[in-house]
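Please open the structure in a viewer and keep the selection tool at hand. The tour below proceeds stop by stop, stating what to select and what is found there.

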Amino acid sequence: MIGGILWIFFLLIPSIGFSQVNRLTHQHRYREARQLASYLRWLHPADGWQERPKLLLALELAQRGDFCEAITIFNSYHKNNPSSIRHTQALIYWMKSDWKNCLLWFQQQIPKKVLLNEPNLLIYYLRTLGETGDLNSLLKSIKLYRKSLEKLDNVQRDRARMLALAFCGQVTQVKQLFNGSLNGYSENIKIFWLATAQMVAGKTEVAREQLLSLRMSNDFILSNAVEWRLGHSLAEPTQVLDSIARDIIHQIVTEIEQELKYKNMTNFKSKKLYVTNGLITINFIFFLIANVLGSSEDADTLDYLGALIPQKVWLGEWWRLLSANFLHFGWLHLTINMLGLYFLGRFVEVAIGSSRYLTAYLISGVVSMLAFSILTIQFGDKEQLLVGASSAIMGLVGVIVAMFLRDWWKEKSRIASKRLSFVLLVVAIQFLFDFTTPEISFLSHILGLVTGFTVGSIFLIK
């Protein structure tokens, strides 16, 4: 009991609080972030949190226009934290929007290995390259330092991508990031970067109006950024990007679109998933009928309701190829399959549409049952009884594999590649489990997977 209270007090509360501090910092609400950090540092004195309020105070002062006092605080902070000199120096250049001197500083003082090991400093470097018009270096650095950026949280990683997109005039994708992981940014920051993207995209007048609306902001850091933006021409991507850089920005745009696509596929709140819900209902009805007539674990009852028995299929009872997919041997068998259908079915139904989803499901189930019957008659027990929706569900896995493979192969989508790897790992674990569990039919599972993959590939051809 005491341990639980201590865990909540010294770990859980600080963790939630630090996330809130970071969110407030991203919104440039430095005063609120400093006040919260001042309380939290006593609960978690390690990891530099004792000094965090001091840094936030410096940013708060700079935001109010007192840059001299802010720099004084930074200099005093260096005495106790020598390793922070690089980060605070970058902050000073950022506060003043002194990007030309910032670029010289990076070129002369910051070696590549430092950027590799300090991804937060890398964000300032990327911004500097964009502000000074070196878009090729900006994009190539994102690719070069990808592993370092992946060490950051989602907000900071997407901040790097947002910089590339904004300086390359990709207005739509910048909006998508601000509607997603960067939604916590303040409205003024969103306006600034959207105006930047619009300016590059050729919508100069609209962008200038938006920037001028920020000019009178009480945030002097933002005002400096606006003055720099209005006083310096941005690089024109179509004129300066080489072929490698064009490929990189295309890849970033594709990643954003793929993430939005998969996000929409997993947003089920507004979707009416009639097929998935209907299939689950039918499976439960068959299960209840089996228990009313006898037992779902009784072979004679399952045989009567249409379990797959290869010999009987061979003698003309072809309807068993379909009905066996809706019968289950006991509550555990039904529960596992319906959970799989609930999660996988919803995703596939949203991804390829209800009619194609139902077609893929039924074809996977029927074809795998037919192939199982043929192979069993030739090489196995002709009287073997088989029931369950797992073959059809493995067909849905096959459709998902086809979808991710298509996106990875055609659009070089990294998110599709990662999800494909994960799905294949799950399939491998499933087959390992099948091999070690005699009651489960490995053959029917792999037949369902192959059938679903084939049907899904056909559906996805454009």
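Begin by selecting Arg346 and Tyr342: the charged end of Arg346 sits over the ring of Tyr342, 4.0 Å from the ring's centre. Please keep in mind throughout that this is a predicted model.

Keep Tyr342 on display and add Phe343. The ring centres of Tyr342 and Phe343 are 5.1 Å apart and their planes meet at 80°, so this pair is edge-to-face. Tyr342 is partly exposed, with a relative accessibility of 32%, whereas Phe343 is exposed at 51%.

Next, select helix 24, which covers residues 390-411 and contains Leu396. Is Leu396 buried or exposed? Its relative accessible area is 0%, so Leu396 is buried. Now display the residues around Leu396: beyond its neighbours within four places in sequence, Leu396 is in contact with Leu341, Leu344, Gly345, Val348, Tyr357 and Tyr361. For Leu344, which is 52 residues away from Leu396 along the chain, the C-alpha atoms of the two lie 6.8 Å apart.

The following stop concerns the nonpolar interior. In soluble globular proteins, nonpolar side chains tend to be buried together. The largest nonpolar core here has 82 residues, and those touching the most other members are Trp94, Met95, Phe106, Leu139, Met162 and Trp193. Which helix gives the most to this core? Select helix 13 (residues 187-200), which contributes 8 residues. A second, separate core of 33 residues includes Phe287, Ala389, Phe404 and Leu460.

Return to Trp94 and show its surroundings. Leaving out residues up to four places away in sequence, Trp94 touches His28, Tyr30, Leu59, Trp99, Tyr124, Arg127 and Ile221. From this list, pick Tyr124 and add Arg159, which lies over the face of Tyr124 at 5.8 Å from the ring centre.

Now turn to the aromatic rings. There are 10 aromatic pairs. Select Phe106 and Tyr125: their ring centres are 5.1 Å apart and their planes stand at 55°, so the pair is tilted. This pair links distant parts of the chain, with Phe106 in helix 6 (residues 99-109) and Tyr125 in helix 8 (residues 119-131), 19 residues apart. Phe106 is buried at 2% relative accessibility, and Tyr125 is buried at 17%. Add Tyr93 and Trp105 to see the cluster that ring pairs form with Phe106 and Tyr125.

Finally, select the cysteines. How many disulfides does a search of the whole structure find? The search finds 0. Compare two cysteines: Cys68 is exposed, at 63% relative accessibility, while Cys102 is buried, at 1%.

Key: Residues numbered from 1 in each chain as written. Predicted model: local features only at pLDDT ≥ 70, side-chain atom pairs only at ≥ 80, totals over all residues. Heavy atoms only, no water. Disulfide = S-S within 2.5 Å. Buried < 20%, exposed > 50% of the residue type's maximum accessible area, 1.4 Å probe, protein only. Helix = DSSP H or I, 4+ residues; strand = E, 2+ residues; numbered from the N terminus. Contact = heavy atoms within 4.5 Å. Core = buried A, V, L, I, M, F, W, Y, C linked by side-chain atoms within 4.5 Å. Phe/Tyr/Trp six-rings, centres within 6.5 Å; stacked < 30°, edge-to-face > 60°. Lys NZ or Arg CZ within 6 Å of the ring centre and 35° of its normal.
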